[in-house]
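Me: Please examine the structure below with regard to its charged side-chain pairs. I shall then put a few questions.

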Amino acid sequence: MIGRLAGTLLSKNPPQVLIDVGGVGYDVDVPMSTYYNLPASGEKTVLLIHHAVREDGHFLYGFASEGERFAFRQLLKISGIGARMALSVLSGMSVDDLADAVARQESGRLVKVPGIGKKTAERLLLELKGKLADALPNAKAAPADSHHDIINALLALGYNDREAAGAVKALPAGTATADGIRQALKLLSRL
């Protein structure tokens, strides 16, 4: 299996590139996020590869980062999502944005990707939940989610919106929900 190609970039025809490696030219499909970061034709380049073997041929998909390749492979594991759709998702949003959308369960961001409808977006969010944020070093967990939970808890306890928002604003970044509620209650009890 081919895992990496390093060679001379011969041509760029979105979404496909041709890379010469030791006299052999490889056609590689890439997401637009990788395509925009490629050097000019005739220059050296390195791509991480996902090699797919099917009845109708061998297919190479190239990525500029391990995060992109990992996200692509996670997307392929979802029933009904093929390589073209996975490339479309990675072309429409960065891996960090995808991980953030999954962490926040925001289907609206996925629906903006061509070819993704509401049902497909919801299925992607469900299937990818917990799979991207843990494995991608740059993927951001959703700190605002804990703040949202803290605000809801304070509202349920009878505080108004202004008081709850003010207390949450005073909390340090990355505060866990349970600790945040305790700290917010201490802050509010001093007022």
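**Salt bridges and solvent exposure**

Reply: Arg-84 is exposed (over 50% relative accessible area, 1.4 Å probe, protein chains only), with a relative accessible area of 54%. This is a predicted model, in which local features need pLDDT of at least 70, side-chain atom pairs count only at pLDDT 80 or more, and totals for chains, interfaces and linings use all residues. Residues are numbered from 1 along each chain as its sequence is written, and side-chain values use heavy atoms, with hydrogens and water left out.

Me: With which residue does the side chain of Arg-84 meet in a salt bridge?

Reply: A salt bridge is a side-chain nitrogen of Lys or Arg within 4 Å of a carboxyl oxygen of Asp or Glu. The N to O distance for the pair is 3.1 Å. Arg-84 lies in helix α3 (residues 83–92; a DSSP run of H or I, at least four residues, numbered from the N terminus), and its partner lies in strand β3 (residues 24–29; a run of E, at least two), so the pair ties together parts that are 55 residues apart in sequence. The partner is Asp-29.

Me: Is Asp-29 buried or exposed?

Reply: Buried means under 20% relative accessible area, and partly exposed covers the range between 20% and 50%. The relative accessibility of Asp-29 is 6%. Asp-29 therefore counts as buried.

Me: How many residues apart are Lys-118 and Glu-122 in helix α6?

Reply: Their side chains meet in a salt bridge at 3.9 Å, N to O. Lys-118 is exposed at 55%, whereas Glu-122 is partly exposed at 39%. Within helix α6 (residues 118–128), the two are separated by about one helical turn, being apart by four residues.
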